[in-house]
Amino acid sequence: MPDLPRQTLRNRFKTALVVDDHPLFCDALVMTLQAVSPVETVTTAASLAEALTALDASTPDIVVLDLNLPDVNGFDGLIRLRKATRAAILVVSSMADARTINAALSAGAAGFVPKHSQRDMFRRALETIGRNETFVPEDHMTEADTATQEAVARLASLTTQQSRILELICEGKLNKQIAFDLSIAETTVKAHVTAIMRKLGVHSRTQAVLIAKEASFDEYLR
């Protein structure tokens with residue numbers, strides 16, 4: 001691998017924040033960053049709370065984030081970090097299915113690398129992000145596009161009322177709140193939610209939200 005890409009990163013990524021609650025993997029990420037890029041200073045955090053505290057103290061050039069943290073639910077950690085810093089955020093996660101990747105990018109990640117990837121992938125990710133481009137592993141790109149097409153097709157099967165209810169679910173509203181907003185009975189909302197999950201082929205509201213994000217259904221993750 002030529003040294004030129006490392007030179008182009010020199011002025012962009014000198015400091016990094018690694019957020020991962022697994023000590024061994026956190027150490028491995030630190031060593032990987034220092035091996036494949038000109039990063040000079042790396043701060044670590046084992047939780048979202050620690051990460052936010054670290055960001056209050058200083059602003060890194062890049063944040064490397066594991067989605068699965070003890071004080072985080074779903075993509076909440078990524079969304080809150082995105083609001084707390086202008087630094088590029090590289091998600092590193094063992095959950096590397098197309099839906100998760102698409103949702104992470106929609107939530108503001110600059111790139112996605114599956115956990116346990118080889119160092120060369122981390123090198124390419126940093127080089128790509130350093131050019132202000134989005135990084136997704138090549139073998140996941142087609143899969144991600146297919147997942148988006150499938151999500152659009154499933155959403156198209158919803159009725160107008162079901163689409164409206166899904167939109168409110170994406171806003172984080174509970175059945176009681178949805179019933180009030182739409183002036184319908186809560187039992188009717190529950191029936192619609194059941195039908196929505198059946199049509200989307202999911203078993204939880206969270207999965208339904210992810211399908212909605214797949215097709216850019218609304219602005220929830222932006």
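Helices α8 and α10 sit roughly perpendicular to each other (a label for angles of 65 to 115 degrees; under 35 is roughly parallel, over 145 roughly antiparallel, and the rest oblique). In this predicted model, the axes of α8 (residues 160-170) and α10 (residues 186-200) come within 10 Å and cross at roughly 95°. Axes here are lines fitted to C-alpha atoms, for helices over the stretch in contact, with angles running from 0 to 180 degrees between N-to-C directions. On the α8 side, Q161, Q162, I165, L166 and I169 do the touching, and they meet H192, V193, A195, I196, K199 and L200 of α10; contact means heavy atoms within 4.5 Å. Sorted by type, that patch holds 7 nonpolar residues, 3 polar and 1 charged. Nonpolar covers Ala, Val, Leu, Ile, Met, Phe, Trp, Tyr, Cys and Pro, charged covers Asp, Glu, Lys and Arg, and the others, Gly among them, are polar.

D181 belongs to helix α9 (residues 175-182). With a relative accessible area of 35%, D181 is partly exposed, where buried means under 20%, exposed over 50% and partly exposed in between (1.4 Å probe, protein chains only). Leaving aside residues up to four places away in sequence, D181 touches L168 and K173. Its C-alpha atom lies 9.7 Å from that of I165, 16 residues away along the chain.

Turning to the whole protein, there are 11 helices and 5 strands, taken as DSSP runs (H or I, at least four residues, for helices; E, at least two, for strands) and numbered from the N terminus. Of the 222 residues, 48% are buried. Among contacts with a separation of 6 or more, 67% link residues 24 or more positions apart.

The largest nonpolar core (buried Ala, Val, Leu, Ile, Met, Phe, Trp, Tyr and Cys residues joined through side-chain atoms within 4.5 Å) has 29 residues, and L17, V19, V63, L65, F75, L78 and L81 have the most contacts inside it. Elements giving two or more residues to this core include β1 (15-19), β3 (62-65) and α4 (76-84), while α3 gives the most, with 5. A second, separate core of 23 residues includes F13, F25, V36 and F135.

Confidence comes as pLDDT, the predictor's own score for each residue, from 0 to 100. The average is 84, and 85% of the residues score at least 70. Residues 1-10 stay under 50, with 14 contacts beyond four places in sequence; residues 217-222 also stay under 50, with 21 such contacts.

Residues are numbered from 1 along each chain as its sequence is written, and side-chain values use heavy atoms, leaving out hydrogens and water. For this predicted model, local features need pLDDT of at least 70 and side-chain atom pairs count only at pLDDT 80 or more, whereas totals for chains, interfaces and linings use all residues.
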